[in-house]
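Let's take a walk through this structure together, one neighbourhood at a time. Please have the viewer open and follow along.

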Amino acid sequence: MAGIVAALVMAPAASAKVHVSFERIKGYNEPSTPSKYDKVGILKVYGPPTARNVLVLNPGTSASASYFVPLGRDVVKRAPNWQVWAVERRENLLEDQSMFNKAKAGTATSQQVFDYYLGYLNDSSITKHFQNVPDDKVGFARNWGMNTEMQDLRRVVKDAKKLGGKVIVGGHSLGGSMTTAYATWNFGGKPGADGLAGLVFIDGGSSPAPVTPDAAQKSLDDLKASTPWLSFGGIGAPLAGLFNTSGALSVLTSPNDPSIGWHWALLPPYLKPPVEPTNEGQYGYALDADTSPASLIAAQAHLGRLADSGTPRHWVRAGELTPIRRYATMFGGWRLKGLDGTAWYHPMRLTIDSSAVAAGNANPAQKVLDVHATHGHDLSKRLRIYAFGAALGGQRVLDAAKILAQQSGIPKRRLVLVDRHTTYSHNDPSSASPKNAFVAHLIPFLKRIARR
């Protein structure tokens, strides 16, 4: 089992005014987990070192901290008195990033990367390759649910508060559910939102309707007899992560070369375009909102399309929201050693537990799942909330934010609600550039909080 002991920035940030750093701190002592995994990472994006306000962001399902780096850069350039901290969850300590690190350093080719992580699966001549983590070696990961995550997040938020400024907690997709969970979590009789200035929901949140206790118990029973990991879009762990990261890095290192993945017999046919593409064309086709399969809606953005002609076929932006190389930077963890934007092993328990958060209202399923999101009616009336709905969550994200506010009597004037589900794919709020409706509303939201 391979793990990265530490991750460091491999090269200076593109702009001297924006810095990126990473550290791991001591996390929650989960009783069944070996101590080496009781850690949580913080990927920090900041401008002036004197910036004291912190926006803490939680990645969604099968995503990781570097997903937020391009967004973080945009934020701190426009709101320099803010830092953006992205949470790197403990499951990513299981990843073997060794060959991806070499690709980022320019010492491994795209073919070498592909062979190490994927090519060996149907080529026995490749003897030096990635070793998957056997399920029976990580049974403790079945306990990496909402309680473990909230306790880890608590330590990140406490570090952010030490700077003496305002702190906001937010998240994308499942990270939105985690945001509600944290805000309403019972920490020694007080809600997690105590002392926070705001919450940010990026196409994710918590439905007020909980799962039944019987359904919760069945999910736990099923988990005991199956893999600890979620299958993302029908693609089992760790393959979804390996597909994404290897594809992203091929976009950044050899974008115009003929696609390696397109010729690979084991790549699902629904991810392959009908004509031979470049590496960039293959990656774009698999994840663009118009050509990616519906099962991968959580991985999609508006990226462009294949060119009308050429062999191999190139990718063109065609006026779409998200530049494909920015998208590849998010998921590839470009210039970050030991980090990428995907979670190869996403704990199924975390997703199961999210169904009992229920806008922070105590319910029978919470006792089954060890969920303690019970302060849904106890949030400060001064708390500000920003919710942005895109293709996956849409109006439901806004409705969940309104319910959360109404429960605690938070005035409507303290909410910013934006619905772009007809024009923004699930990931466009983080990836669209240079025009980005999510960022356009986020910056004044942050500045208003900082002033007060």
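Which residues does Ser-177 touch, not counting residues up to four places away in sequence? Keep in mind as we look that this is a predicted model. The contacts of Ser-177 are Gly-204, Gly-205, Ser-206, Ser-354 and Val-357. Ser-177 itself sits in helix 5, which spans residues 174-184. Is Ser-177 buried or exposed? Its relative accessibility is 9%, and because the cut-off for buried is under 20%, Ser-177 counts as buried.

From here we can hop over to Tyr-46. Ser-177 and Tyr-46 are 131 residues apart along the chain, and their C-alpha atoms are separated by 25 Å. Strand 2 covers residues 39-46, and it makes a good next stop. This strand is mostly covered, with six of its eight residues buried.

Strand 2 pairs with strand 1 and with strand 4, so let's take these partners in turn. Strand 1 (residues 19-26) runs antiparallel to strand 2, and eight bridges join the two. If you would like a landmark in this pairing, find Phe-22, whose bridge partner in strand 2 is Leu-43. Strand 4 (residues 82-88) also pairs with strand 2 in the antiparallel sense, here over five bridges. In this second pairing, Gly-41 stands opposite Glu-88 of strand 4. As a general reminder while you look at the strands, side chains in a regular strand alternate between the two faces of the sheet.

Now for the helices. Helix 3 is made of residues 110-117, and its buried residues are Ser-110, Val-113, Phe-114, Tyr-116 and Tyr-117. Try looking down the axis of helix 3: the buried residues fall within an arc of 165°, so they line one face of the helix. What do these buried residues pack against? Their partners are helix 2 (98-105) and helix 7 (239-253).

Our last stop is a pair of helices. Two packed helices are described by the angle between their axes and the distance between the axes. For helix 8 (residues 279-287) and helix 9 (residues 324-332), the axes come within 11 Å and cross at roughly 80°. That crossing makes helix 8 roughly perpendicular to helix 9. On the helix 8 side, the contact is made by Glu-280, Tyr-283, Gly-284 and Leu-287. These meet Ile-324, Arg-325, Tyr-327, Ala-328 and Phe-331 of helix 9. By type, the residues of this contact divide into six nonpolar, one polar and two charged.

Note on methods:
Residues numbered from 1 in each chain as written. Predicted model: local features only at pLDDT ≥ 70, side-chain atom pairs only at ≥ 80, totals over all residues. Heavy atoms only, no water. Buried < 20%, exposed > 50% of the residue type's maximum accessible area, 1.4 Å probe, protein only. Helix = DSSP H or I, 4+ residues; strand = E, 2+ residues; numbered from the N terminus. Arc of directions from axis to C-beta. Contact = heavy atoms within 4.5 Å. Pairing = 2+ DSSP bridges. Axes fitted to C-alpha atoms, helices over the stretch in contact; angles between N-to-C directions. Parallel < 35°, antiparallel > 145°, perpendicular 65-115°, else oblique. Nonpolar A, V, L, I, M, F, W, Y, C, P; charged D, E, K, R; others polar.
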